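Work through the exercises below with the sequence and the structure at hand. Each task is followed by a solution in steps.

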Amino acid sequence: MIKRFYMGAMDRLLHPNLKDVSLAAALHALADPLRLEMIQRLSETDCLSSGAACPNDTPKSTISNHFAVLRAAGLVETTADGRERRNRLRRADFDARFPGLLDTVLANRS
């Protein structure tokens, strides 16, 4: 019983309402080179597994942490698909909250 409750708690992924996301949080999420690469990959497809969104040598704990930051900034939506996590870019919602920001950051990615 305890294990079942614990697993259910892990499956709940919190996604903020974008009106509650500050510009500072959005810029912080986009400032990290690996997170920016993850956003670039997500912008090129509808949905990616967590592992496919990062280079192969990235530890799972690092990937999880980066996705938590991206979720908190309202950039991605993550859903559980069995043991796998599927991620999609919340492009329309993010663009409505911060018009032009994502396009500008991705276009000037170095």
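**Exercise 1. Decide whether Arg-88 is buried, partly exposed or exposed, and find the partner of its side chain.**

Step 1. In this predicted model, Arg-88 has a relative accessible area of 33%. Buried means under 20% and exposed means over 50%, so Arg-88 counts as partly exposed.

Step 2. The side chain of Arg-88 meets that of Glu-77 in a salt bridge, with 2.7 Å from N to O. Glu-77 has a relative accessible area of 28% and is partly exposed as well.

Step 3. Now place both residues in the fold. Arg-88 belongs to strand E3 (residues 84–89) and Glu-77 to strand E2 (residues 76–81), so the pair ties together parts that are 11 residues apart in sequence.

**Exercise 2. Examine further salt bridges and state how many there are by the distance rule.**

Step 1. The rule asks for a side-chain nitrogen of Lys or Arg within 4 Å of a carboxyl oxygen of Asp or Glu. By this rule there are six salt bridges.

Step 2. One of them joins Arg-86 and Asp-81, at 3.4 Å from N to O. Arg-86 is partly exposed at 32% relative accessibility, and Asp-81 is partly exposed at 43%.

Step 3. Another links Arg-90 with Asp-93, whose closest N and O atoms are 3.6 Å apart. Here Arg-90 is buried, at 11% relative accessibility, whereas Asp-93 is partly exposed, at 38%.

Step 4. Arg-91, Asp-95 and Asp-103 form one network through salt bridges that share partners.

**Exercise 3. Find out what surrounds Arg-71 and how far away the nearest side chain of opposite charge is.**

Step 1. Locate the residue: Arg-71 is part of helix H4 (residues 60–72).

Step 2. Arg-71 is buried but has no salt bridge. The nearest side chain of opposite charge is that of Glu-77, 10 Å away. The limit for a salt bridge is 4 Å between a side-chain nitrogen and a carboxyl oxygen.

Step 3. List the contacts, leaving out neighbours within four places in sequence. Arg-71 is in contact with Leu-13, Leu-14, His-15, Pro-16, Val-76 and Thr-78.

**Exercise 4. Explain why the buried residues of helix H2 line one face of the helix.**

Step 1. H2 covers residues 23–31. Its buried residues are Ala-26, Ala-29 and Leu-30.

Step 2. Viewed down the axis of H2, these buried residues fall within an arc of 95°, so they line one face of the helix. As a general rule, an α-helix has 3.6 residues a turn, so residues three or four places apart point the same way.

Step 3. Check the other side of H2: Ala-24 and Ala-31 are exposed there.

Step 4. Ask what the buried residues of H2 pack against. They pack against H3, H4, helix H5 (91–97) and H6.

**Exercise 5. Describe the largest nonpolar core and say which helix supplies the largest share of it.**

Step 1. This core has 27 residues. Those with the most contacts inside it are Leu-30, Ile-39, Phe-67, Leu-70, Leu-75, Phe-94 and Leu-102.

Step 2. H2, helix H3 (33–43), H4 and helix H6 (101–107) each contribute at least two residues to this core. The largest share, five residues, comes from H3.

Step 3. Take Ile-39 as an example. Not counting residues up to four places away in sequence, Ile-39 touches Leu-30, Leu-70, Leu-75, Val-76, Leu-89, Leu-102 and Leu-106.

**Exercise 6. Find how far apart in space Asn-17 and Asp-93 are, and do likewise for Ala-92 and Leu-75.**

Step 1. Asn-17 sits in the loop between helix H1 (2–11) and H2. Asn-17 is partly exposed, at 43% relative accessibility.

Step 2. Asn-17 and Asp-93 are 76 residues apart in sequence, and their C-alpha atoms are 9.3 Å apart in space.

Step 3. Ala-92 is found in helix H5 and is exposed, with a relative accessible area of 60%. The C-alpha atoms of Ala-92 and Leu-75 are separated by 9.8 Å, while the two residues are 17 apart along the chain.

**Exercise 7. Summarise the whole protein: how many helices and strands does it have, and in what pattern?**

Step 1. The protein has six helices and three strands. Along the sequence they follow the pattern α-α-α-β-α-β-β-α-α.

Step 2. Of the 110 residues, 35% are buried. The protein exposes about 6,900 Å², and carbon and sulfur atoms supply 54% of that area.

Step 3. Among contacts with a separation of 6 or more, 66% are between residues 24 or more positions apart.

Technical notes
Residues are numbered from 1 along each chain as its sequence is written. This is a predicted model: local features need pLDDT of at least 70, side-chain atom pairs count only at pLDDT 80 or more; totals for chains, interfaces and linings use all residues. Side-chain values use heavy atoms; hydrogens and water are left out. Helices (H or I, at least four residues) and strands (E, at least two) are DSSP runs, numbered from the N terminus. Buried means under 20% relative accessible area, exposed over 50%, partly exposed in between (1.4 Å probe, protein chains only). Lys and Arg count as positive and Asp and Glu as negative; His and the chain ends are not counted. Contact means heavy atoms within 4.5 Å. A nonpolar core is a set of buried Ala, Val, Leu, Ile, Met, Phe, Trp, Tyr and Cys residues joined through side-chain atoms within 4.5 Å. Accessible areas come from the Shrake-Rupley method with a 1.4 Å probe; for residues, only the protein chains shown count as cover. The arc is that of the directions from the helix axis to the C-beta atoms.
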